[in-house]
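Dear colleague,

I am passing on the structure we spoke about, together with some notes on its pockets. Please read them alongside the coordinates and tell me if anything is unclear.

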Amino acid sequence: MDLGAIMLNLWESTGVAQSTWQNYVMIVVSFVLFYLAIARKFEPLLLVPIAFGLLLANIPGAHAILYQHPITEFIPVEGGGYESTVTTTGGLFYYLSKGVEWVIFPPLIFLGIGAMTDFGPLIANPKSLILGAAAQLGIFITLFGGYFLFGLEVFGVPSEELGKLAASVAIIGGADGPTAIYVTTVLGQDGYLGAIAIAAYSYMALIPAIQPPIMKLLTSKSERRIKMKQLRKVTRKEKIIFPIVVVVLVGLLLPSALPLLGMLMLGNLFKECLVTDRLATTASNGLCNVITILLGTCVGFKANSAVFLTPITLLIIALGLLAFSFGTAGGVLMAKFMNLFLKDKINPLIGSAGVSAVPMAARVSQTVGQKEVPDNYLLMHAMGPNVAGVIGSAVAAGVLISMFG
């Protein structure tokens with residue numbers, strides 16, 4: 001081989017020679033996510049690994065190397081039959097992504113979330129469960145809207161896949177990234193996983209910007225100034241019984257919700273029973289951190305330019321915002337409706353916390369409330385619908401999987 005051919009091969013192997021304009025657009029998108037995570041501190045534990053995975057996937061030529069499939073040869077053996085042997089191993093993300101494709105990572109994240117969650121505010125004020133359920137409104141509104149829009153000829157989605165894709169996008173309204181990943185994967189919509197997951201996590205990170213205008217639009221000044229009575233103290237026995245009862249009740253009615261909800265309640269039982277401190281610590285710290293890194297980078301890696309920069313991706317992102325907005329509105333409006341019948345009024349601002357972004361949504365309720373009355377402390381009241389929203393999103397995921405799985 002002459003020098004010219006060698007230099008040509010070297011040039012063709014570079015990322016610059018293999019690049020397209022789509023690669024550079026996606027690299028810029030990763031930079032935006034880095035900015036939101038690092039400079040603005042919006043959900044950095046989630047957005048930094050997602051942005052880095054997205055960056056790796058869109059370095060020209062890198063995706064084929066990092067996601068290379070293993071090559072297996074079948075060698076005839078004496079006596080008949082074949083013996084398989086792997087001649088070329090797969091790329092790093094080929095193996096790491098199995099945790100997403102085999103739906104292992106999302107339930108393990110829920111185990112860690114459960115070990116960090118205090119369901120006391122929900123137990124002390126069971127009405128919060130209604131607010132958490134109402135905040136799932138955005139999921140089902142978007143489900144029907146998405147089913148219609150994805151059915152338009154311009155998007156070319158097969159009719160048998162319409163419900164599955166609409167459900168995968170609608171679950172963004174639960175404001176729960178692992179749940180969105182879980183539903184998308186179980187329903188076989190892996191091709192859209194990058195867009196759906198990035199939309200879900202981005203809207204979670206942007207809660208402080210998205211929710212307040214909706215909350216103020218739907219409430220009056222007097223409603224935002226409502227002060228609520230202090231919550232009662234919840235006993236240890238109640239906290240231990242709660243996760244067991246939830247698993248039994250939900251499991252009997254909707255078994256498809258248990259992979260997420262069961263792990264959530266197992267983690268919470270580790271925390272509350274006080275005899276498994278080591279397990280609770282591992283679940284909420286070491287294990288949760290490792291899975292967050294792997295899940296985030298693998299999800300970001302799914303968003304390569306070949307599948308991300310399409311009209312259907314823009315529709316997914318738009319519908320995700322719609323789902324999230326209606327979820328926020330649903331919780332607020334339900335609180336206003338309940339106040340028609342309650343003697344002790346609920347501050348409607350806590351209804352917005354029914355989306356399951358814990359604890360950021362509850363903090364937003366507190367912040368908006370304190371702008372009206374500086375000494376109005378809504379945080380613990382908002383944590384009730386907030387943790388109810390975690391349960392609600394897992395139940396909604398089970399419903400969608402039962403409908404379309």
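In what follows, Ala, Val, Leu, Ile, Met, Phe, Trp, Tyr, Cys and Pro count as nonpolar, Asp, Glu, Lys and Arg as charged, and the others, Gly among them, as polar. Please also bear in mind that this is a predicted model.

The largest pocket holds about 710 Å³ of space. It is lined by 28 residues, of which Glu-43, Ile-113, Met-116, Val-358 and Pro-359 are the closest to its centre. By the classes above, the lining of this largest pocket comprises 19 nonpolar, five polar and four charged residues. At least two lining residues come from each of α4 (44-58), α8 (105-116), α14 (193-205), α19 (277-301), α22 (360-372) and α23 (379-404), and the largest share, five residues, is supplied by α19.

The second largest pocket encloses about 350 Å³ of space, and among the 18 residues that line it, Leu-122, Leu-129, Phe-242, Val-246 and Ile-391 are the closest to its centre. Two or more residues of this lining are given by each of α9 (120-124), α10 (128-134), α17 (236-253) and α23, with α17 providing the largest share, seven residues. The lining of the second largest pocket divides into 14 nonpolar residues, three polar residues and one charged residue.

When you inspect the two pockets, α23 may be a convenient place to start, since this helix appears among the contributors to the lining of the largest pocket and also among those of the second largest pocket.

With best regards

Technical notes. Residues are numbered from 1 along each chain as its sequence is written. This is a predicted model: local features need pLDDT of at least 70, side-chain atom pairs count only at pLDDT 80 or more; totals for chains, interfaces and linings use all residues. Side-chain values use heavy atoms; hydrogens and water are left out. On a 1 Å grid over the protein atoms alone, a cavity is a set of points where a 1.4 Å probe fits but cannot get out, and a pocket is an open set with protein on both sides within 12 Å along at least five of seven lines; lining residues have an atom within 4 Å of a point. Grid points are joined across faces, edges and corners, and a volume is the space filled by probe spheres set on the points. Helices (H or I, at least four residues) and strands (E, at least two) are DSSP runs, numbered from the N terminus.
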